[in-house]
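Open the structure in your viewer and keep the selection tool at hand. This tour goes from a sheet to a pair of helices.

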Amino acid sequence: MPPFSQMISNKNFNERYEAFLPDQKSRIELADAHAHMDAVANCTTKDLIANSILTVISNGGTPDSNAATLKLSDNCCIFPALAIGPDSALISEEELQKSIELIKANSGKIVAIGEAGIDYTLAEHGISIEKQKYIFTKMAMLASELSIPISIHCREAGQITYSEALASIINILKDCNVEKAHFHFFNGGIDDVKEIERNNYFISVPPLRSAKRMRVLSAIPIQNIMAETDAPAVGKSPLDVKFSVQLIAEAKHISYEDACRAITENTKAFFNIETKKKPMLRNY
Ligand SMILES: [Zn+2]
């Protein structure tokens with residue numbers, strides 16, 4: 001698990017959000033744009049299908065989690081994304097090349113490079129920004145070469161603002177000609193989300209309510225928004241994606257059902273899910 005994820009407790013998660021759930025249990029299809037299914041316990045394929053969550057983008061980020069995530073690629077609801085993330089930026093050049101080869105060799109099984117990115121908090125833990133930028137550039141080049149989207153972790157720290165962290169990432173995306181970029185757990189402000197919209201990038205929203213998040217959501221078109229759980233770090237499992245969708249519905253003043261439809265359509269289009277769709281019941 002990346003260090004940032006340990007900062008958020010899952011304690012009483014459902015209790016905190018139960019109040020925001022729509023009364024009626026929805027049967028509308030849902031999608032979770034960012035989770036780590038190799039680390040999620042107690043959520044079966046049957047659970048996903050029973051809750052109409054038919055698309056879960058499961059991210060790697062380390063050599064071990066990439067291998068574990070790849071093993072899930074036969075699951076009818078799980079779509080892998082592989083990468084070397086910022087918390088693994090100190091891996092050897094040999095390990096990096098091995099990971100790049102693994103990703104290329106399995107390009108038919110993955111829907112994105114993820115999660116990759118730059119995390120300024122890690123610089124305080126000895127993972128230099130220079131090294132992180134080097135690895136992130138390799139990941140962006142890979143997304144460009146394979147013509148697949150990239151799912152990005154961006155985190156500010158100390159003197160560096162979110163806007164500055166975002167700018168350093170966007171510069172690399174542009175240098176590498178990456179067009180489809182997704183900023184997961186988006187934590188920027190209004191100016192940042194406007195920059196995302198200008199570039200036609202996407203953000204995804206975790207199941208965590210804050211006044212800032214609601215303001216930011218109202219400032220970007222729903223066409224650029226997806227829902228995520230980052231399970232098991234934030235949500236316990238993809239089943240908690242309904243809370244993220246509920247936040248989006250409230251911020252956009254639309255019904256929960258309409259938010260489900262828009263978010264699911266955005267996610268499937270962004271990750272080209274229809275063309276990669278696996279037969280239902282294959283591993284169920
Ligand atoms: Zn994550």
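Two strands count as paired if DSSP finds at least two bridges between them. Keep that in mind for the first stops. The model is a predicted one.

**Stop 1: the strand pair.** Select residues 112–119, strand S4, and residues 150–155, strand S5. They pair in the parallel sense, over 5 bridges. Now pick isoleucine 118. What stands opposite isoleucine 118 in S5? It is cysteine 154.

**Stop 2: the helix on the sheet.** Add residues 129–146, helix H5. H5 packs on the sheet and touches both S4 and S5. The direction of H5 makes about 160° with that of S4.

**Stop 3: the whole sheet.** Show the strands. An open sheet is formed by 8 of them, with parallel pairing. Walk across it in the order S1-S2-S3-S4-S5-S6-S7-S8. At the edges are S1 (30–35) and S8 (225–227), each paired on one side only. From one strand to the next, the twist averages 25°.

**Stop 4: two helices.** Select residues 211–218 for helix H8 and residues 241–252 for helix H9. How do their axes cross? They come within 9 Å and cross at roughly 60°. H8 is therefore oblique to H9. The crossing of H8 and H9 is right-handed.

**Stop 5: the contact.** Show side chains here. On the H8 side, pick Arg213, Met214, Leu217 and Ser218. They meet Leu247, Ile248, Ala251 and Lys252 in H9. Color this contact by residue type: 5 of its residues are nonpolar, 1 is polar and 2 are charged.

How values were computed:
Residues numbered from 1 in each chain as written. Predicted model: local features only at pLDDT ≥ 70, side-chain atom pairs only at ≥ 80, totals over all residues. Helix = DSSP H or I, 4+ residues; strand = E, 2+ residues; numbered from the N terminus. Axes fitted to C-alpha atoms, helices over the stretch in contact; angles between N-to-C directions. Contact = placed C-beta atoms within 7 Å. Parallel < 35°, antiparallel > 145°, perpendicular 65-115°, else oblique. Left-handed = near helix turned anticlockwise from the far one by under 90°. Nonpolar A, V, L, I, M, F, W, Y, C, P; charged D, E, K, R; others polar.
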